[in-house]
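Okay, thanks for having me, everyone. Let me put the structure up so we can look through it together.

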Amino acid sequence: MSGGRVAQPRSPQAELAGIGLVLGAAACFSALDTVTKAVSVHVPLLMALWCRYAFQAVATTAVVLPWRGTAVLRTRHLPFQCLRGLLLLTSSLLAFASLRYMPVGEFTAIVMMAPLAVTLLAATVLKEHVSPLRWTLVAGGFAGTLVIIRPGGDTFTWAMLLPLGLVATNAWFQVITSQLARTEDPVTMHLYTGWVGTLAASLALPFVWTALPQAWLWAGLAFMGFMGTVGHFLLILAFRNAPAATLTPYLYSQIAFAMLGGWLLFSHVPDGWSLLGMGLIALCGAAGALLTIREGRGLPRTSQA
């Protein structure tokens, strides 16, 4: 295992490119969430979800098939590809529902708990060893989530628990992704994710489709699909240039982008307690990624940064 990791060194320039790409992906996902909050008030959730996935599936297929041919559709694990797609669809549905009731910045911070939740799954389900320091980071991230939600407080509503369901489904999605990535082409995984989500959402489409009275809503739906597609492609390119342990801390820039989007579109600024919780989640998540570098890649590799 370790021999395969050393056999593919990445240059500092490639890693810098990967960091730039992952920052671009974070900006795209924040733009997607911000526009989703504006659009989802006026559009049925499942209709908006179908439009977002259909755009991604069609656009990805139009780009990938001429480039890679039908060989890109081959997979050794079709059931797991379908399960992965359904988990991401469920996560997206919970995200759309959450954004109806929550500010974008606070929502994004809670969702960024997912990498820490993966640690919890690794210990409880996969029976992997988790160090006391990692447990401390998981507890710190959970504490940050409680600071944002503040159960029993004046600002608490039951809708604020929706992102926690998203964290759970997204954590399982990441676990399956990490397993599939050992043998599957990431472009193949991206294709199946888009089409599984589109086909599953299509089952409900006849019951939820409605005429939209304003053109900006259609433009918003198209923008959501475009941002989701571009964001996922940038992530694929980023992880081809740099290892996950290097890039993961920069994913937390999405919280800052989300706060900016919430301020620009909705004039919302998080209160002091929310900022504290968001900072705690980002700190614990980024520290977890840095710990992964030390444990998985070793000090000589990190010293090149």
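I'll go through the nonpolar core, then a couple of arginines. Keep in mind that this is a predicted model.

So, the core. The largest nonpolar core has 66 residues, and the members touching the most others are Val43, Phe96, Phe107, Leu221, Met224 and Ile255. Who supplies the largest share of this core? That's helix H2, residues 12–40, which puts in nine residues.

Let's pick one of those well-connected members, Ile255. If you skip its neighbours within four places in sequence, Ile255 is in contact with Gly105, Thr108, Ala109 and Met112, plus Met278 and Ala282.

Now the charges. How many salt bridges does a search of the whole structure find? Just one. Asp185 and Arg68 meet there through their side chains, at 2.2 Å, N to O. And the pair ties together distant parts of the chain, 117 residues apart: Arg68 sits in helix H3, residues 45–68, while Asp185 is in the loop between helix H8 (162–180) and helix H9 (186–202). Is Arg68 buried or exposed? Partly exposed, actually, because its relative accessible area is 30%, and the buried label needs under 20%.

The other arginine is Arg84, over in helix H4, residues 78–101. Arg84 is buried, yet has no salt bridge. The nearest side chain of opposite charge is Glu184, and that's 9.3 Å away, so the 4 Å cut-off for a salt bridge isn't met. What does Arg84 touch, then, leaving out residues up to four places away in sequence? Phe173, Ile176, Thr177, Leu180, Met189 and Thr193.

That's my tour; over to you.

How values were computed
Residues are numbered from 1 along each chain as its sequence is written. This is a predicted model: local features need pLDDT of at least 70, side-chain atom pairs count only at pLDDT 80 or more; totals for chains, interfaces and linings use all residues. Side-chain values use heavy atoms; hydrogens and water are left out. A nonpolar core is a set of buried Ala, Val, Leu, Ile, Met, Phe, Trp, Tyr and Cys residues joined through side-chain atoms within 4.5 Å. Buried means under 20% relative accessible area, exposed over 50%, partly exposed in between (1.4 Å probe, protein chains only). Helices (H or I, at least four residues) and strands (E, at least two) are DSSP runs, numbered from the N terminus. Contact means heavy atoms within 4.5 Å. Lys and Arg count as positive and Asp and Glu as negative; His and the chain ends are not counted.
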